[in-house]
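Student: I'm new to this one. Could you walk me through it with a few questions and answers?

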Amino acid sequence: MGQAGQKIQVSRAVAEEAAHRLIILGSDESTDEYQQECRHWCQQDPEHEEAWRRAINLQHKMGLLPGWLVKDALQRPPVSGLEQSGVEQPERRHHLTALIGLIMAGPAAYLALSPDARQVGLGQWHHLTADYHTRAGEQQQVELSDGSTVSLNTSTSVSIHYSAEQRLIVLHQGEIEVITAKDIQQRPLSVRTAHGLMTALGTRFMVRLIPGEGQTTLAVQEGAVAVSLATEHQSTSARVTHAGQYTRFDHQVIAEPQKGSAGLEQWRQGMLVAQDMPLGQLIEELSRYRSGWLRCDPDVAQLKLSGVFRLDNTDQILNSLSLSLPVTVVYRTPYWVSVKSI
Amino acid sequence: MQAQGAEYQMHHLYVQNHDWLSRWLYTKLGCCHQAADICHDAFIRILQKWRHQGHFPDIEQPKAYLTTVAGRLVTDHFRKQSLEQAWQESLASLPEKDVPSPQLLLQLRETLEEVDRILNSLPQAVRDTFLLSQLDGMTYKQIAEQLQVSERTVKRYMAQAFAACILLENDEV
């Protein structure tokens with residue numbers, strides 16, 4: 001899972017296949033069935049999944065860059081590797097002497113002092129920039145080099161970027177809980193989504209970014225978190241959400257913080273609390289916890305239901321639906337499930 | 001771990017090759033500080049590879065090996081330098097009120113560097129196509145019209161870009 005030392009190698013054939021599929025998905029030839037087929041292809045083989053992850057990761061990164069600002073830099077004409085530079089940077093010279101002494105101490109000791117290791121703080125260099133992903137139904141807790149922890153809910157993808165100046169977690173998709181630790185280097189810890197940047201002023205908060213919702217939801221349990229929008233140029237207008245509050249924001253607007261948590265903490269307790277929730281919304285939520293295809297017919301999507309559901313067994317939840325609602329659950333395969341009216 | 005043997009090998013490699021490599025780099029860079037930095041980085045790469053593989057890399061021809069590693073670093077050095085220059089120019093052309101906050105700038109700079117490193121391996125036409133698609137969100141058809149090529153060519157370029165970026169991660173370290 002993106003950790004140094006166990007990296008999966010991708011063959012040219014698989015890379016080309018993944019690229020070919022991505023091109024079709026990005027064109028008007030793409031259909032729901034084809035998307036499903038691609039998801040299946042990824043699940044077939046870790047190498048497929050790795051190829052896919054790398055391409056998607058690049059897409060995510062490009063999505064985080066404001067085109068109007070970075071385009072000229074990325075489009076600049078290529079330079080030859082043999083040009084003269086003329087710019088002097090004498091400040092790094094001392095590393096050379098440092099290296100000589102440390103070679104004898106072995107790489108582990110070296111890493112504790114190298115510029116690379118400085119970036120990760122405590123020398124756990126595989127956290128330099130690491131990606132973590134959970135599949136449908138999985139959860140994972142990641143301990144970071146400074147002692148902070150990030151918990152990932154189902155179908156979640158994050159990148160961790162720790163440098164000398166900052167601790168940055170990029171949430172690409174899904175839900176996370178962040179518990180910050182005091183940093184001896186006093187670097188700010190922040191979470192970034194496509195919509196904006198959340199900087200921790202305190203200790204525990206949760207973030208949700210689900211495609212289709214079009215916004216980021218933040219709930220703060222302890223301390224406070226400052227939000228600034230990705231489109232904002234000055235951080236001065238950041239809005240602070242305090243413990244016991246939640247807020248939502250998209251590219252343009254940060255909502256006034258409200259009391260409560262918008263249900264964001266429920267997955268940590270392994271449950272989902274529905275109160276007059278439309279069936280369509282519940283099914284969409286559950287689909288993030290299951291591999292394969294789970295859909296709800298539009299004619300039953302507006303039916304409301306209430307209850308407390310355990311997220312560790314979504315089959316059970318689906319089976320219980322027909323007890324309380326006029327619906328039937330059709331399993332074409334375990335990975336192809338639809339909810340229809342009776 | 002055969003750490004002691006490997007440490008000796010590393011030390012030996014360094015002592016035997018450091019001087020000529022520094023001089024070689026000086027002829028490429030024209031600056032002794034940069035030559036020293038990149039020479040240092042070349043040995044770091046070997047340390048990283050050692051760490052990554054769990055055993056000391058099998059280097060049959062140290063001279064050729066180090067020249068290749070250091071040569072790549074020189075190319076990368078010029079890439080970073082030209083990126084930095086282009087980036088500073090972009091920022092300088094912004095009205096003051098539009099300049100992003102220092103924190104955002106820092107994050108943009110990091111992501112920009114990562115993306116640039118990947119895109120740099122692509123031919124210019126492929127790179128332009130990829131940017132129009134991924135940065136400007138244009139459809140293949142719109143790109144084809146803008147660049148005056150067929151939609152099939154656009155798709156071929158896009159596939160080439162994705163495949164290259166996937167394979168690039170294999171070679172790191």
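Student: At roughly what angle do the axes of helix α1 of chain A and helix α7 of chain B cross?
Tutor: Keep in mind that this is a predicted model. Here α1(A) covers residues 12-25 and α7(B) covers residues 151-168. Their axes come within 8 Å, and the crossing angle is roughly 135°.

Student: Is α1(A) parallel or oblique to α7(B)?
Tutor: Over 145 degrees would count as roughly antiparallel, and 65 to 115 as roughly perpendicular. The angle here is roughly 135°, so α1(A) is oblique to α7(B).

Student: And is the crossing of α1(A) and α7(B) left-handed or right-handed?
Tutor: Residues of α1(A) in the contact include Ala15(A), Leu22(A) and Ile23(A), and those of α7(B) include Met158(B), Phe162(B) and Leu167(B). The contact residues divide into 11 nonpolar, 1 polar and 3 charged. As for the hand of the crossing, it's right-handed.

Student: Over to helix α2 of chain B. Why does the distance between its ends agree with what its 22 residues should span?
Tutor: Helix α2(B) runs over residues 32-53, and we reckon 1.5 Å a residue. The expected span is 1.5 Å times one less than the number of residues, so it should come to 32 Å. The end C-alpha atoms agree with that, because they are apart by 32 Å.

Student: Which residue follows α2(B)?
Tutor: Look for a positive phi, near 85°. The residue with that value, right after the helix, is Gly54(B).

Student: How is α2(B) set against helix α3 of chain B, oblique or perpendicular?
Tutor: The axes of α2(B) and α3(B), the latter being residues 62-92, come within 9 Å and cross at roughly 120°. The crossing is right-handed. Roughly perpendicular covers 65 to 115 degrees, so with roughly 120° α2(B) counts as oblique.

Student: Now the sheet in chain A. In what order do its 3 strands lie?
Tutor: It's an open sheet with mixed pairing. The edge strands, each pairing on one side only, are β15 (293-296) and β17 (327-333). That fits the order β15-β18-β17.

Student: Which residue in β18(A) stands opposite Trp293(A)?
Tutor: Strand β18(A) is residues 336-341, and β15(A) pairs with it in the parallel sense over 4 bridges. Opposite Trp293(A) you'll find Trp336(A).

Student: Which helix packs on this sheet?
Tutor: Look for a helix that touches β15 and β18 of chain A. Its direction makes about 175° with that of β15(A). Made up of residues 279-287 of chain A, it is helix α8.

Note on methods
Residues numbered from 1 in each chain as written. Chains lettered and ligands numbered in written order. Predicted model: local features only at pLDDT ≥ 70, side-chain atom pairs only at ≥ 80, totals over all residues. Helix = DSSP H or I, 4+ residues; strand = E, 2+ residues; numbered from the N terminus. Axes fitted to C-alpha atoms, helices over the stretch in contact; angles between N-to-C directions. Parallel < 35°, antiparallel > 145°, perpendicular 65-115°, else oblique. Left-handed = near helix turned anticlockwise from the far one by under 90°. Contact = placed C-beta atoms within 7 Å. Nonpolar A, V, L, I, M, F, W, Y, C, P; charged D, E, K, R; others polar. Pairing = 2+ DSSP bridges.
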